Amino acid sequence: MTEGSNPISPADGVDVIGGGKEQQAAGVGILLQIMMLVLSFVLGHILRRKKVYVLPEASASLLIGLLVGTLANISHTQTSIRAWFNFHEEFFFLFLLPPIILYP
């Protein structure tokens, strides 16, 4: 390095403390969503294996989402973690609804 050069750090001009909390909240939100998805798959498999037809898989998945959403609302978590569980109408109408409607 030359005498007058300044090394540039990747964190220059970035709010490391605030960004770290946002990234941590995003990580926790994604982890919870993946855990809910895995739990839905496992519960669906168990329901099929035990031949329980009283509770369909879709209803079981809705109950899991309802339980996790209720726990997220009553817990004292950061608002940024709760933001990952908010319902986004645009995402639903653009990406989730067309496959439901166009399912053969």
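The questions and replies below concern how features of this predicted model are classified.

Me: What makes up the chain in terms of helices and strands?
Reply: The chain has four helices and zero strands. From the N terminus on, its elements run α-α-α-α.

Me: How do you know where confidence is lowest and where it is highest?
Reply: By the mean pLDDT: helix H3 (residues 79–83) is lowest in the chain, at 62, and H4 is highest, at 84. For the chain, the mean is 74, and 71% of its residues reach 70 or more. Where pLDDT is low, the predicted coordinates should not be read in detail.

Me: Why is the pair of Phe-91 and Phe-95 called tilted?
Reply: A search of the whole structure finds two aromatic pairs. In the pair of Phe-91 and Phe-95, the ring centres are 5.4 Å apart and the planes are at 40°. Centres within 6.5 Å make a pair, and planes under 30 degrees apart would be stacked, over 60 edge-to-face. An angle of 40° meets neither of those conditions, so the pair is tilted.

Me: What separates Phe-91 and Phe-95 along helix H4?
Reply: About one helical turn, because the two are four residues apart in H4 (residues 89–101).

Me: Why is Phe-95 called exposed, and Phe-91 partly exposed?
Reply: Exposed requires a relative accessible area over 50%. Phe-95 has 53%, so the term applies. Phe-91 has 47%, so it falls in the partly exposed class.

Me: What makes the pair of Phe-92 and Phe-93 edge-to-face?
Reply: The planes of the two rings are at 70°, over the cut-off of 60, so the pair is edge-to-face. The ring centres of Phe-92 and Phe-93 are 5.5 Å apart, within the 6.5 Å limit. Phe-92 is partly exposed, with a relative accessible area of 22%.

Me: How do you know whether Gly-44 is buried or exposed?
Reply: Gly-44 has a relative accessible area of 3%, and buried means under 20%, so Gly-44 is buried. This residue is found in helix H1 (residues 16–49). The C-alpha atoms of Gly-44 and Glu-57 are separated by 5.1 Å, although the two residues are 13 apart along the chain.

Me: Why does Ser-40 count as buried?
Reply: Its relative accessibility is 18%, which is under the 20% cut-off, so Ser-40 of the chain counts as buried. Ser-40 is found in helix H1.

Me: Which residues does Ser-40 touch?
Reply: Leaving out residues up to four places away in sequence, Ser-40 touches Ser-61 and Ile-64. The side chains of Ser-40 and Ser-61 are joined by a polar contact of 3.5 Å.

Me: What is the span of helix H2, set against the expected one?
Reply: Helix H2 (residues 57–74) has 18 residues and reaches 26 Å from its first C-alpha to its last, close to the 26 Å expected at 1.5 Å a residue.

Me: How do you know that the buried residues of H2 line one face?
Reply: The buried residues of H2 are Ala-60, Ile-64 and Ala-72. Seen down the helix axis, they fall within an arc of 110°, so they line one face of H2. The face turned away from the buried side carries exposed residues, namely Ala-58, Leu-62, Leu-66, Asn-73 and Ile-74.

Me: Why is Leu-62 called exposed?
Reply: Leu-62 has a relative accessible area of 62%, over the 50% cut-off, so it is exposed. The C-alpha atoms of Leu-62 and Ser-40 are separated by 8.9 Å.

Definitions and conventions:
Residues numbered from 1 in each chain as written. Predicted model: local features only at pLDDT ≥ 70, side-chain atom pairs only at ≥ 80, totals over all residues. Heavy atoms only, no water. Phe/Tyr/Trp six-rings, centres within 6.5 Å; stacked < 30°, edge-to-face > 60°. Buried < 20%, exposed > 50% of the residue type's maximum accessible area, 1.4 Å probe, protein only. Expected span 1.5 Å × (residues − 1). Arc of directions from axis to C-beta. Polar contact = N/O pair within 3.5 Å; in protein donor to acceptor, adjacent residues only side chain to side chain. Contact = heavy atoms within 4.5 Å. pLDDT = per-residue confidence, 0-100.
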